[in-house]
Amino acid sequence: MHITKEVIDRYLSGEANAEEVEAVRHALDNNLIDLNDWLPETEWHHTEEDTPFERRDSIRQLLLTKMERANRQRLVYAISKYAALLILTGLLGWGIFDYWKKPAPTAPVTARHKEPLPLQQPL
């Protein structure tokens with residue numbers, strides 16, 4: 001079936017027959033229709049604000065679910081970023097503290113006589 005502007009208008013107003021509805025849905029599902037050709041932006045402002053359609057609640061629920069998932073992912077990313085920063089700062093601080101806490105190595109203490117001992121001559 002050839003899709004014309006009248007078919008699209010009947011589909012959007014809910015007056016299309018079953019064959020037209022199926023043809024338009026198939027075209028929309030497979031991206032065969034460029035909506036800018038059929039619904040220019042100037043006509044968007046002349047439509048009713050609250051037009052009912054079949055799957056309104058399911059689409060709304062799907063959008064809300066996707067938004068919640070995106071917000072959750074953003075929250076997990078932010079928490080993991082700050083946790084990694086906190087761990088890195090802690091490790092760096094611990095390393096610096098451990099470095100300064102270690103005493104300086106002291107030289108080994110050896111016994112020395114005040115006077116050198118004379119070497120004995122072999123007989």
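Tutor: A salt bridge is a side-chain nitrogen of Lys or Arg within 4 Å of a carboxyl oxygen of Asp or Glu. This is a predicted model, so local features need pLDDT of at least 70 and side-chain atom pairs pLDDT 80 or more, while totals for chains, interfaces and linings use all residues. Residues are numbered from 1 along each chain as its sequence is written, and side-chain values use heavy atoms, with hydrogens and water left out.

Student: How many salt bridges does the structure hold?

Tutor: The structure holds 1.

Student: What makes Arg 10 and Glu 20 a salt bridge?

Tutor: Their closest N and O atoms are 2.5 Å apart. The cut-off is 4 Å, so the pair qualifies.

Student: Which parts of the chain does this pair tie together?

Tutor: Arg 10 is in helix α1 and Glu 20 in helix α2, so the link joins parts 10 residues apart in sequence. Helices here are DSSP runs of H or I with at least four residues, strands are runs of E with at least two, and numbering starts at the N terminus.

Student: Why is Glu 20 called buried?

Tutor: Its relative accessible area is 7%. Buried means under 20%, exposed over 50%, and partly exposed in between, with a 1.4 Å probe and protein chains only. At 7%, Glu 20 is therefore buried.

Student: Why does Arg 10 get another label, partly exposed?

Tutor: Arg 10 has 31% relative accessibility. That value falls between the two limits, so partly exposed is the right term.

Student: What else does Glu 20 touch?

Tutor: Glu 20 sits in helix α2, residues 18-29. Leaving aside neighbours within four places in sequence, Glu 20 is in contact (heavy atoms within 4.5 Å) with Met 1, Val 7 and Arg 10.

Student: Which residues form the largest nonpolar core?

Tutor: The core has 6 residues: Ile 3, Val 7, Ile 8, Val 24, Ala 27 and Ile 33. Helices α1 (5-13) and α2 each supply at least two of them.

Student: What makes a set of residues a nonpolar core?

Tutor: The members are buried Ala, Val, Leu, Ile, Met, Phe, Trp, Tyr and Cys residues, joined through side-chain atoms within 4.5 Å.

Student: Why is Leu 28 called partly exposed?

Tutor: Leu 28 lies in helix α2. Its relative accessibility is 32%, which is neither under 20% nor over 50%, so Leu 28 counts as partly exposed. Not counting residues up to four places away in sequence, Leu 28 touches Tyr 11, Ile 33 and Leu 35.

Student: Is Leu 12 buried or exposed?

Tutor: Leu 12, in helix α1, is exposed, because its relative accessible area of 53% is over 50%. Leu 12 and Val 24 are 12 residues apart in sequence and 10.0 Å apart in space, C-alpha to C-alpha.

Student: Why does Asp 37 count as exposed?

Tutor: Asp 37 reaches 59% relative accessibility, over the 50% limit, so the label is exposed. Asp 37 is in helix α3, residues 35-38. Its C-alpha is 9.2 Å from that of Lys 5, at 32 residues apart in sequence.

Student: Which residues make the nonpolar surface patch of about 550 Å²?

Tutor: Leu 92, Ile 96, Tyr 99 and Trp 100 make this patch. Patch residues have over 30% relative accessible area and no salt bridge; like charges are joined within 9 Å, nonpolar side chains (Val, Leu, Ile, Met, Phe, Trp, Tyr) within 5 Å. Leu 92, in helix α5 (residues 56-101), has 57% and is therefore exposed. Tyr 99 and Trp 100 are exposed too.

Student: Why is the pair of Tyr 99 and Trp 100 called edge-to-face?

Tutor: A search of the whole structure finds 1 aromatic pair. The ring centres of Tyr 99 and Trp 100 are 5.2 Å apart and their planes stand at 80°, so the pair is edge-to-face. Rings of Phe, Tyr and Trp (its six-membered ring) pair if their centres lie within 6.5 Å; planes under 30 degrees apart are stacked, over 60 edge-to-face, and the rest tilted.

Student: What is the secondary structure of the whole protein chain?

Tutor: The protein chain has 5 helices and 0 strands, in the pattern α-α-α-α-α. Of its 123 residues, 8% count as buried.

Notes: Areas by Shrake-Rupley, 256 points an atom, 1.4 Å probe, with all protein chains shown as cover.
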